[in-house]
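This report describes the fold, the helix packing and a selection of individual residues in one protein chain. Please consult the sequence and the structure shown below alongside the text.

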Amino acid sequence: MFTSGLQHVAAMYAGVVAPPMIVGPAVGLSATDTAFLMGASLFTAGIATLLQTLGFWKVGARLPFVNGVSFAGVTPMVAIGRDRGADGITVIFGAIIVASVLGFVLTPYFSKLVRFFPPVVTGTVITLIGVSLLPVAFNWSQGGNSTADDYGSMKNIGMAALTFVIVLALRKVLRGFLQQIAILLGLVAGTVIAAPLGMANLDAIKNADIVGFPTPFHFGAPQFEIAAIVSMCIVMLVCMTESTADMLALGRIVDRPADERVIEGGLRADTLGSAISPLFNGFMCSAFAQNIGLVAMTKVRSRFVVAAGGGILILLGLCPVAASVIALVPLPVLGGAGIVLFGSVAASGIQTLATAALEKGENALIVAASVGIGLIPIAAPEFYHAFPKDALVVLDSGISTGCIVAIALNLAFNHLGKKSSSDEVQEDVEGSGKPDGATVPAPAAAVH
């Protein structure tokens with residue numbers, strides 16, 4: 001049970017620590033505080049996983065379901081807290097708490113609204129998540145600090161390129177479990193090569209304690225700003241939609257179809273875990289679909305094995321040294337691996353769009369318009385410069401704007417003025433009318 005649980009931790013470790021690694025420097029936190037965020041994210045991922053697997057009352061899907069920090073919130077969180085330091089983090093935490101509580105309250109009704117989030121919407125949003133994160137990987141590849149003398153140097157970009165090639169080579173030559181953790185192995189290999197070149201940062205691990213506890217509200221009491229709350233509410237809807245698709249997929253893998261009751265329990269665990277997470281300085285939590293692939297590959301379907309993985313995550317979160325080890329990885333190395341990781345997110349979205357029947361009705365137009373609007377903050381960062389500052393929290397996030405446009409256009413073209421039968425509702429949820437086993441939307445593997 002321990003070794004199988006450790007496999008789940010290894011498969012999702014890089015995905016858990018990547019969001020705080022992006023958000024921490026973006027809001028102006030030091031390497032030590034960023035390492036603290038990583039440990040807190042591991043700790044809260046463990047709590048959320050236990051809520052999901054063991055559960056209580058009507059909370060938890062009680063499936064071998066791993067929860068952790070969602071990539072969907074990274075870009076909006078950066079927009080909320082950019083260059084504000086600890087104040088930015090507390091505003092982010094306040095927005096997550098409100099969005100999570102609202103999500104928990106709405107959970108019983110959300111499963112009845114799933115038909116408004118078909119693959120044409122979820123695939124578009126997941127694709128935008130990946131594309132929105134790629135500039136982060138490009139910045140890392142250049143060194144991360146645009147004011148540094150070596151920013152964009154051949155040394156930095158060369159190290160990123162080498163790591164990129166190593167990750168691809170490992171994915172090609174390895175098999176089974178090792179292939180699943182190719183990105184993690186690539187980070188290790190890149191760091192080993194970069195260390196003799198003086199590119200590794202030892203500050204975080206030097207200052208880390210062997211044993212520690214994520215002090216509640218370490219950065220201060222949460223602050224509540226309307227624009228930030230609206231942005232994170234959109235992220236919560238995205239996370240709930242992704243988790244629903246993942247539960248449908250996992251239910252088929254373990255021969256326990258996820259009915260409305262299972263989905264409600266799973267979404268309650270997601271939202272409750274997300275509401276608790278900021279208390280211990282963690283971010284919004286949702287399903288990790290790469291672990292669904294691990295369940296399918298190993299055929300180990302016990303939820304208690306995944307619960308053991310949740311326990312390991314908690315222990316790692318209580319050991320700051322373990323959490324800060326990832327801070328040794330040079331940013332160019334992270335950038336090279338990040339191109340693969342974030343590109344996989346976009347590829348997962350495209351895979352979901354493949355089930356969206358783009359030839360039907362105006363679905364292709366919905367994707368085109370939503371992606372076009374969502375790319376504005378990436379392609380033209382100053383596009384909204386004349387808008388009110390509060391509005392920029394939403395507008396500067398291509399994920400938020402793209403999601404709003406996709407939902408609105410899907411309602412306008414596919415729902416308003418039409419009466420959907422129960423079969424049509426099921427088709428909306430699953431993406432096509434194919435036989436059983438071929439209809440579940442592709443899980444968003446790299447989103448988390």
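## Packing of α2 and α13

In this predicted model, helices α2 and α13 run roughly antiparallel to each other. Their axes enclose an angle of about 155 degrees and are 7 Å apart, and the antiparallel label therefore follows, as the angle is over 145 degrees. Helix α2 covers residues 31-53, while α13 covers residues 303-317. The crossing of this pair is left-handed.

On the α2 side, the residues that meet α13 are Gly 39, Leu 42, Phe 43, Ala 45, Gly 46, Ile 47, Thr 49, Leu 50 and Thr 53. Their counterparts in α13 are Arg 303, Val 306, Ala 307, Gly 310, Gly 311, Leu 313, Ile 314, Leu 316 and Gly 317. Glycines thus appear on both sides, including Gly 39 and Gly 46 in α2 and Gly 310, Gly 311 and Gly 317 in α13.

## Gly 317 in α13

Gly 317 belongs to helix α13, which spans residues 303-317. With a relative accessibility of 6%, Gly 317 is classed as buried. Leaving aside neighbours within four places in sequence, its contacts are Gly 39, Leu 42, Phe 43, Gly 212 and Pro 214. Among them, Gly 39, Leu 42 and Phe 43 also take part in the meeting of α2 with α13.

A further relation links Gly 317 to Ala 45: the two are 272 residues apart in sequence, yet their C-alpha atoms are separated by 9.0 Å in space. Ala 45 is itself one of the α2 residues that meet α13.

## Packing of α6 and α15

Helix α6 (residues 154-173) packs against helix α15 (residues 331-353), with an axis-to-axis distance of 7 Å and an angle of about 45 degrees. This angle makes α6 oblique to α15. From α6, the contact draws on Asn 156, Met 159, Ala 160, Thr 163, Phe 164, Val 167 and Leu 168. From α15, it draws on Pro 332, Val 333, Gly 336, Ala 337, Ile 339 and Val 340. The crossing of α6 and α15 is right-handed, whereas that of α2 and α13 is left-handed.

## The chain as a whole

The secondary structure consists of 20 helices and two strands. Of the 448 residues in the chain, 54% are buried. The chain exposes about 17,800 Å², and carbon and sulfur atoms account for 66% of that area.

Contacts that bridge long stretches of sequence are prominent in the count: among contacts between residues at least 6 apart, 84% join residues at least 24 apart. Ala 227 offers an example of spatial proximity across the sequence, as its C-alpha atom is 8.6 Å from that of Ile 80, although 147 residues separate the two along the chain. Ala 227 is located in helix α10 (residues 226-253) and is buried, at a relative accessible area of 13%.

## Cysteines

The model contains zero disulfides. Cys 239 takes part in none, and the nearest cysteine sulfur, that of Cys 285, is 9.2 Å away. Seen from Cys 285, the closest cysteine sulfur is that of Cys 239, and the separation of 9.2 Å is too far for a bond; the cut-off for a disulfide is 2.5 Å.

Both cysteines lie under the 20% limit for burial. Cys 239 is buried, with 2% relative accessibility, and Cys 285 is likewise buried, with a relative accessible area of 1%.

## Loop residues

The loop between α11 (260-276) and β2 (285-287) contains Ser 277, and Asn 281 is in that loop as well. Ser 277 is buried, with a relative accessible area of 0%. Apart from neighbours within four places in sequence, Ser 277 is in contact with Thr 44, Gly 282, Phe 283 and Cys 285.

Asn 281 is also buried, at 0% relative accessible area. Its backbone has a positive phi of about 70 degrees, although this residue is not a glycine. Another non-glycine residue with a positive phi is Ala 357, at about 50 degrees. Ala 357 is placed in the loop that lies between α15 and α16 (363-374).

Note on methods. Residues numbered from 1 in each chain as written. Predicted model: local features only at pLDDT ≥ 70, side-chain atom pairs only at ≥ 80, totals over all residues. Heavy atoms only, no water. Buried < 20%, exposed > 50% of the residue type's maximum accessible area, 1.4 Å probe, protein only. Helix = DSSP H or I, 4+ residues; strand = E, 2+ residues; numbered from the N terminus. Contact = heavy atoms within 4.5 Å. Areas by Shrake-Rupley, 256 points an atom, 1.4 Å probe, with all protein chains shown as cover. Axes fitted to C-alpha atoms, helices over the stretch in contact; angles between N-to-C directions. Parallel < 35°, antiparallel > 145°, perpendicular 65-115°, else oblique. Left-handed = near helix turned anticlockwise from the far one by under 90°.
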